[in-house]
Each structure stands twice: as structure tokens, then as C-alpha cells.
Amino acid sequence: MRTAFSVETVRAAELELMARVPEGALMQRAAAGLAVVCAEVLGKVYGSRVVLLVGSGDNGGDALYAGVRLARRGAGVFAVLLSPERVHAGGLAAFRGAGGRVVGIEGAEDVLRRADLVVDGIVGIGGKGGLRESAAQLVGAVRESGVPVVAVDLPSGVDADSGEVAGEAVRADVTVTFGAYKPGLLIDPGREYAGVVRFVDIGLGGVPGGGDGSGEGAVEALQYADVASLLPLPTGESDKYRRGVVGIVAGSGRYPGAAVLCVAGALRGGAGAVRYVGHAADAVIARFPETLVSAGPPSKAGRVQAWVVGPGLGDDSERLEDVVGADVPVLIDADGLRLADEAAVRGRSAPTLLTPHAGEAAALLGVAREEVERGRLAAVRELAGRYRATVLLKGSTTLVAAAGGGGAVRVNPTGTPWLATAGSGDVLSGLAGALLAAGLGAGDAGAVGAYLHGLAARHAADGAPVGAHDVAAAIPAAWRDVRGD
Ligand SMILES: NC(=O)C1=CN([C@@H]2O[C@H](COP(=O)(O)OP(=O)(O)OC[C@H]3O[C@@H](n4cnc5c(N)ncnc54)[C@H](OP(=O)(O)O)[C@@H]3O)[C@@H](O)[C@H]2O)[C@@H](O)CC1
Ligand SMILES: [K+]
């Protein structure tokens, strides 16, 4: 599991550790790790030219001490000071002592023109709100210079706790983060600004809150091993009911394809059987003869362990209400989200998983789509709180919040822009629904489903455009990949 911690938690852990190590030791560890990555990016340090952007906090201190190490290895290092009167004093003295040269903000463009590398030490976890005017101008000049950028701890202008970006922010090629991942490095838009994230251990360990080992992550990203341990595998005792029967209420005369794609995802998600209820039975059977189809109300369709309702459903609110009233886990997607009654969802006794994209989430929250895209973490928590349901917010970084909105939010690390294709959400619904039917909790079903879905898209795409049916067909390859076969 890759866990990212809030600024508050990181600060508490740092304070606790600082009390036990010599003064300045943590900053030296950070600077040493930072200098190693800078050297890697440069290739050859001797004779290179490095520009440090130095703010008035410890983030700037890290940059200065890394600059010291690079200067000692023969780099020409220049420090642009944003507020010369408040710069990290020890760092500046050491920097000067190592032969580093200081320039004011007005000299920045000149040194940038001949630089091989920029080190962004404007602000780290102490940053608040959008970058101030002078910092924003400097960041604009860096972007125009085209020089590669290594960000210190996180790209300046990215909110550490949420990944939100208000106005200008540094676009880094590499971000060197210290002691713990920050949520803003894993969630878009921040994740995109961070480039490749490199972790430097400064001794914070598992970053417990207050030193008792109980610190809770703000954001978690499942890794291969986590997903492998959650995959439902059949045993000798399995029959279709033990593996899980998933019911699908999707598709309409107008959108039969959504039903087909949803069933495709469910069959590859390991369901023992798939029951289909709705208007697209002929299309489903033609493509997947193993599906059990019926045309009446879902409650009369026979036993299922979980329902998926909504993709391409049109206005079939009767079937939707029937499913929402069922006493098994239910995944609600697409048209189902538009039709579902908030109070009815809140009142359900079995788990509910909602899977909106940003536009659908915005409609449910009554805000503009851009607001959801800017603040994905806040949006997913808000929805999970309002509906008292687990919410999977699809998009450039898919997030899963537990019912109620509290606790760690899962962020999916396998997403790819190739997934932005019609029908891929229907495949995900079927896939996650099958995992629900197999007995995974709503949070695990959502996170594992998103993980396999992203991986399947990568397998299917392999650098070229794909359709949603290709993604469904590549789900078995994603399973094998995760299982290490
Ligand atoms: N603690 C530790 O053990 C270790 C910490 N480490 C490092 O310390 C970093 C945290 O340092 P920090 O706390 O000094 O804050 P930091 O990120 O430098 O920013 C504060 C400065 O920024 C300014 N500022 C704020 N917002 C702004 C804005 N929007 N636009 C422009 N400026 C803005 C703010 O100005 P002020 O509000 O005071 O006027 C203040 O001067 C952390 O990220 C890591 O790199 C490592 O060495 C490892 C050990
Ligand atoms: K920074």
C-alpha cells in the first residue's frame, strides 16, 4: 500500500522525530536525497549550471543545502531568493561558503537562460493558497525557459493535502518528497504537476500520528500485492453461488450496447453467473450466451449476491427503485445516479457503491463540473457523506471514499488517458459489481475494480487507441498480471 499523509500528520511525526535527532539532521537527510536525484537528472554534475528557486521557509533551506552538495561536485549553482531578508540563514551561509552565487528575482531570467536544471524550493508543505505574485511570475519564467525542474517535497503551488492548484504552479519533471507521500502528489491536478515522484526516507517510518503507530493515512493507493490478496479466487468447493451471482439492470432499446459492455465486465470480474434484466436481452445473449436473462422486475429474476444498475438505463426508474430496495450490495452508475432518490439510497441497509464521473458527481452535488475536477478529494468525500454510500469518482485519478466520507480515500494508480472512451465506465460497473457479488466490501470492490480496469486498458492500448470492448477483453490479462502469472 502506498499511503499519503496529511500535512498535520507529517508535521506531528517530524516534531516527534526532531526531538530525538541532532538539530538540522532531518534537513541534511532531505538535502542529501535531493542532491542525489538532481545529479541523476543532470547526468554530469561537474560543469553543469543549476538554478535554485529559494522561498523563505525550510523548503528553500532544503534547496540551498542540496545546492551546497552540487556546488562541491563542480556545478555552477545560482540561488534566486524570493525574500532575501527571510531566507534560511544556515542554508544561505553554507551555500555561499561552497561558492554558490546569489541573484535577486530580477536576475532570474538571465540565469535561467543558461541553466541545465531548476530546483524548486519556493514552498513545500507550508504553502497556503495560490502562489503569491512574485513567486507566480518566477514560475512563469521557468516554464518559458523549458529547463527541466526538480521540485523539493512537492511542486510549489500544489496544495499538499488535496492536489488542488489555484492559479500558477510549478510543473516538475521529478518531485523529491521527504518522509511521507503527500495526498497532493497522488491526486490530480497535483499529480500531473509532480511528474515522477521520488521518495526520500528521512526516518519518519510509518508516520504514526503522535508516535503511537496509529496514524491514519489520508489517501492510499493499492499496489500489486494488495490487489492480489483481494482477488476472489475459486476453490474446489466453489459453485456459481459461492463465486457470486451478479445481476445487471442496464441498457435500453436506445442503448443496448451499455448492457453488453456491463455484462462483459461482470463476466471477466469473476462472477459465477450473470443475470441480466432489461430491454437489451437479445443483444446480450447474442454476444454472451452464458448470461441468464429475464424481462420482469429485478426482484423476480432469481437469486443474486449484488446488483449493478444504471448504465444506458434510460428512464426505467421502476427497475431502479426495485434494485435500490434490495437487501444485497448495489452498484449505481450512469442513468441510475440521475434517477436514484437520495433518501432511499441513504436508507439502504446493505452496502451501496456509487460510481459517478466528474459531470455526474457535479450534478449530484449541484456544482459545476470544473469544481469537482479542481477539488476531487473534497467532492468524493462530500458525496460519500451525503449519500452515506461508498463513492467511486471516476476520472484522471479515480478516487474511492468510504460511506460517510471519512477515513482514508483510495486513489487508483493504474489509470490511463486511453480509458477516456465511450462505454469504458459500463465495463467498470460490471467488473466492480462482480467483485461485490464475490463478497468484497464496497470500498475494496471499487478500488480493485478500478485497478484491474486501468491495467486492462494499458494492456489493451499498448500505445494505441482502444474501444471499451477491448478493455473488457483485456481484464483477464490484468488478473494474470496482478497474480504474477
Ligand atoms: N519539518 C521538518 O522536519 C522537515 C521539513 N523539510 C522541509 O520543510 C518544508 C516545510 O517548511 P516550512 O514549514 O518552513 O514551510 P515552507 O513549505 O518552506 O513554506 C513556508 C514559506 O512559504 C511562504 N508561503 C506560504 N504560502 C505561500 C504562497 N502561496 N506563495 C508564496 N509563498 C508562500 C511562507 O511565507 P509567510 O506566510 O511566512 O509570509 C513561508 O515563508 C517541507 O516541505 C520540506 O521541504 C525537510 O527539510 C525535512 C525536514
Ligand atoms: K517546492
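Begin by selecting residues 245-249 and residues 306-309 in this predicted model: these are strands E10 and E13, which pair in the parallel sense over 4 bridges. Within that pairing, pick out Ile248 and then look across to E13, where its bridge partner is Val308.

Next, widen the selection to the whole sheet around this pair, which is an open sheet of 11 strands with mixed pairing. Reading across the sheet, the order is E1-E9-E18-E17-E16-E15-E14-E13-E10-E11-E12, and if you go to its edges you arrive at strand E1 (2-4) and strand E12 (292-294), each of which pairs on one side only. As you step from strand to strand, neighbouring strands of this sheet are turned by 20 degrees against each other on average, with direction ignored.

Now select residues 223-482, the stretch that an unreviewed UniProt entry annotates as "domain: YjeF C-terminal". Over these residues the chain is 47% helix and 13% strand, and the C-alpha atoms at the two ends are 9 Å apart.

For the last stop, select helix H16 (residues 358-365) together with helix H18 (residues 376-387), which pack at an angle of about 55 degrees with their axes 11 Å apart. Because of that angle, H16 counts as oblique to H18, and H16 passes H18 in a left-handed crossing. Showing the side chains here brings up the contact itself, in which Ala361, Leu364 and Leu365 of H16 meet Ala379, Glu382 and Leu383 of H18. The residues of this contact between H16 and H18 divide into 5 nonpolar, no polar and 1 charged.

Conventions. Residues numbered from 1 in each chain as written. Chains lettered and ligands numbered in written order. Predicted model: local features only at pLDDT ≥ 70, side-chain atom pairs only at ≥ 80, totals over all residues. Axes fitted to C-alpha atoms, helices over the stretch in contact; angles between N-to-C directions. Parallel < 35°, antiparallel > 145°, perpendicular 65-115°, else oblique. Left-handed = near helix turned anticlockwise from the far one by under 90°. Contact = placed C-beta atoms within 7 Å. Nonpolar A, V, L, I, M, F, W, Y, C, P; charged D, E, K, R; others polar. UniProt positions renumbered as here; feature names shortened; annotations may be inferred. Pairing = 2+ DSSP bridges.
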